[in-house]
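Student: Please take a close look at one part of this structure. I would like its helix packing and its charged pairs in one connected account.

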Amino acid sequence: MPFDATEDLPDDALLARFADGDAVAARILTLRLTPRVMAHAYRLLGNRTEAEDVAQEALLRLWRQAPVWRAGEAKVSTWLYRVVANLCIDRRRRARGGSVPIDAIPEPEDGQASAAEQMQDRARADALQSALDQLPERQRQAVVLRHIEGLANPEIADIMDVTVEAVESLTSRGKRALSALLAGRQEELGYADER
Amino acid sequence: MPMSDKDQDLDGLGAFFDAARAHSPAPSPDLLARVLSDAEAEQVWITRRAQAATEAPRAGLLEQLYRLLGGWPAMAGLTTAIVAGVWIGTALPEGVSSGAEAAYLVDITPEAVFELAGDF
């Protein structure tokens, strides 16, 4: 099948083709899934190098799972979110205390703020990441899946193996903690302009 | 956007989540190359395992017979017996077709021949 036609196939169909030795499916899945997996790992770890290692490991596990993948039983993305979370939790437990304190976030440089809406947005993203790094693991995972990845609560509950009510509780507590952590930064990061 | 704007405005985090989505870290070319390399290597293994699985039943039967007979010592004895049997089978008719041995073999139970003939 040509690349263009294969490109539109859903993840599980591509995975079946991958297991049959289709090189085009391997390339499409790599280009489609690596950015998602990498971004999710980064949000859970706050470290780019480690996030890349986790992304590679998670996808290697997916390739190995391909021959026995049962289409329709689980979404590939749901499976990957779960594997990434487990790998990230393992790494954080091994290297406890490696997160960047919120005070270490680079401050926007004086005199450049007016010219740098892009920089301000970047600073917000960095500030949020640093605050996320300080949340308990489960709260961080729930907040990232809900508010950055944009998943619905039932899917998050499936990924985290908890009830929907537990997801709501985790996201609620996580957001309260984030608000508290970012309270002192909202004005300087331009949050006051958004109200 | 996963939440309504109103919800996000209430907790004051909407702009931060928007910024995080806008600044997703992109995978490096090196990571993409490593992932694709893993994928291609794994495809080779998957293909080899699938081929091995189709050949396994035949190899498995031979393996089972070999083990059932007792491994290589038993196979050596069995081979010797087969060779000896073939040699005897091909050499014996030539030996009995000549001389006194042939007469001895014919005359050894003449009464049995008459008894059998008398039944008809």
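Tutor: What follows centres on one helix of chain A and its neighbours.

The model is predicted, so local features need pLDDT of at least 70 and side-chain atom pairs pLDDT 80 or more, while totals for chains, interfaces and linings use all residues. Residues count from 1 along each chain as written, chains are lettered from A and ligands numbered from 1 in written order, and side-chain values use heavy atoms without hydrogens or water.

Start with helix α4 (residues 48-65) of chain A. Helices here are DSSP runs of H or I, at least four residues long, and strands are runs of E, at least two, numbered from the N terminus. Two packed helices are described by the angle between their axes and the distance between the axes.

One partner of α4(A) is helix α3 (residues 23-45) of chain A. The two pack at about 135°, axes 8 Å apart (axes are lines fitted to C-alpha atoms, for helices over the stretch in contact; angles run from 0 to 180 degrees between N-to-C directions). That angle makes α3(A) oblique to α4(A); under 35 degrees counts as roughly parallel, over 145 as roughly antiparallel, 65 to 115 as roughly perpendicular, and the rest as oblique. Their crossing is right-handed, meaning that the near helix is turned clockwise from the far one by less than a right angle; anticlockwise is left-handed. The α3(A) side of the contact (heavy atoms within 4.5 Å) includes L29(A), L33(A), V37(A) and Y42(A). Among the α4(A) residues they meet are V54(A), A58(A), L62(A) and W63(A). By class, this contact has 14 nonpolar, 2 polar and 3 charged residues. Ala, Val, Leu, Ile, Met, Phe, Trp, Tyr, Cys and Pro count as nonpolar, Asp, Glu, Lys and Arg as charged, and the others, Gly among them, as polar.

Now α5(A). It packs on α4(A) at about 135°, with the axes 9 Å apart. The pair is therefore oblique. This crossing is right-handed. From α4(A) come residues including D53(A), V54(A), A58(A) and L62(A); from α5(A), W79(A), L80(A), V84(A) and L87(A) are among them. The classes are 11 nonpolar, 1 polar and 5 charged.

A salt bridge joins E50(A) to R91(A), with the closest N and O atoms 3.3 Å apart (the term means a side-chain nitrogen of Lys or Arg within 4 Å of a carboxyl oxygen of Asp or Glu). It links distant parts of the chain: E50(A) lies in α4, R91(A) in helix α5 (residues 76-94), 41 residues away.

Follow α5(A) to helix α8 (residues 153-160) of chain A: they pack at about 50°, axes 9 Å apart. That makes α5(A) oblique to α8(A). The crossing is right-handed. S77(A), T78(A), Y81(A) and R82(A) meet E155(A), D158(A) and I159(A).

Back to α4(A) residue D53(A). Its side chain forms a salt bridge with R34(B), at 3.3 Å from N to O. Chains A and B have 2 salt bridges between them. The whole structure has 18 over all chains. The interface buries about 3,500 Å², 64% of it on carbon and sulfur atoms (accessible area, 1.4 Å probe, lost on putting the two parts together and summed over both). Chain A supplies 46 residues to this contact and chain B 29 residues.
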